Amino acid sequence: MGVIDLDTAQTMLDLWVAAGQAVSRSQSYTIGSKTFTRSDAATIEANINKYNSLVSKLTRGGGVRLTGATPC
């Protein structure tokens, strides 16, 4: 997967959250050509965590965070 911007990451997070809500009500949910059901709950949760983390990182600016560095 290439570089993902904040808007794309947020859109993907929203799709995966909607998928999680649908399957929690015993419904199926389709993203692209793949249909998810309750048996795919672990996949859905993993993707929610992935995109939530990415959205959080991009929201705070991403980049490298230094800890324990001595100022010059």
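Me: What phi does S26 take just after α1?
Reply: Just after α1, S26 takes a positive phi of about 60 degrees, although S26 is not a glycine. The residue sits in the loop between α1 and β1; helices (H or I, at least four residues) and strands (E, at least two) are DSSP runs, numbered from the N terminus. This is a predicted model, in which local features need pLDDT of at least 70, side-chain atom pairs count only at pLDDT 80 or more, and totals for chains, interfaces and linings use all residues. Residues are numbered from 1 along each chain as its sequence is written, and side-chain values use heavy atoms, with hydrogens and water left out.

Me: Why is S26 called buried or exposed?
Reply: Buried means under 20% relative accessible area, exposed over 50%, and partly exposed in between (1.4 Å probe, protein chains only). S26 has a relative accessible area of 57%, so it is exposed.

Me: What is the predictor's confidence in the protein chain, as mean pLDDT?
Reply: The mean pLDDT (the predictor's confidence in each residue, from 0 to 100) is 85, and 83% of the residues reach 70 or more. Among the elements, helix α2 (residues 41-59) has the highest mean, 94, and strand β1 (residues 29-31) the lowest, 90.

Me: What pattern does the protein chain follow along the sequence?
Reply: The pattern is α-β-β-α, from two helices and two strands.

Me: How do you know that the span of helix α1 (residues 6-24) agrees with the expected one?
Reply: The expected span of a helix is 1.5 Å times one less than its number of residues. For the 19 residues of α1 that gives 27 Å, and the end C-alpha atoms are 27 Å apart, so the two agree. For α2, also with 19 residues, 27 Å is expected and the end C-alpha atoms are 26 Å apart, which agrees.

Me: What makes the buried residues of α2 line one face of the helix?
Reply: The buried residues of α2 are I44, N47, Y51 and V55. Seen down the axis of α2, they fall within an arc of 70 degrees, so they line one face. The arc is that of the directions from the helix axis to the C-beta atoms. These residues pack against α1 and β2, contact meaning heavy atoms within 4.5 Å. Just after α2, G61 takes a positive phi of about 100 degrees.

Me: Which residues of α1 are buried?
Reply: They are A9, L13, W16, A19, G20, A22 and V23. Their cover includes β1, β2 (34-36) and α2.

Me: Why is W16 called buried?
Reply: Its relative accessibility is 7%, so W16 counts as buried. W16 lies in helix α1 and, not counting residues up to four places away in sequence, touches I31, F36, I44, N47, I48 and Y51. The C-alpha atoms of W16 and E45 are 8.0 Å apart, with their positions 29 residues apart along the chain.

Me: What makes up the largest nonpolar core?
Reply: A nonpolar core is a set of buried Ala, Val, Leu, Ile, Met, Phe, Trp, Tyr and Cys residues joined through side-chain atoms within 4.5 Å. The largest one has eleven residues: I4, A9, L13, W16, A19, V23, I31, F36, I44, Y51 and V55. α1 and α2 each supply at least two of them, and α1 gives the most, with five. F36, leaving aside neighbours within four places in sequence, is in contact with W16, V23, Q27, S28, Y29, I31, T43 and I44.

Me: Why does Y51 count as buried or exposed?
Reply: Y51 is at 3% relative accessibility, so it counts as buried. Its place is in helix α2. Y51 and M12 are 39 residues apart along the chain, and their C-alpha atoms are separated by 6.7 Å.

Me: What makes N52 partly exposed?
Reply: The relative accessible area of N52 is 39%, so N52 is partly exposed. N52 lies in α2; it is 36 residues from W16 in sequence and 9.9 Å from it in space, C-alpha to C-alpha.

Me: How many of the 72 residues of the protein chain, in percent, count as buried?
Reply: The share is 21%. The chain exposes about 5200 Å², of which carbon and sulfur atoms supply 53%; accessible areas come from the Shrake-Rupley method with a 1.4 Å probe, and for residues only the protein chains shown count as cover. Among contacts between residues at least 6 apart in sequence, 50% join residues at least 24 apart.
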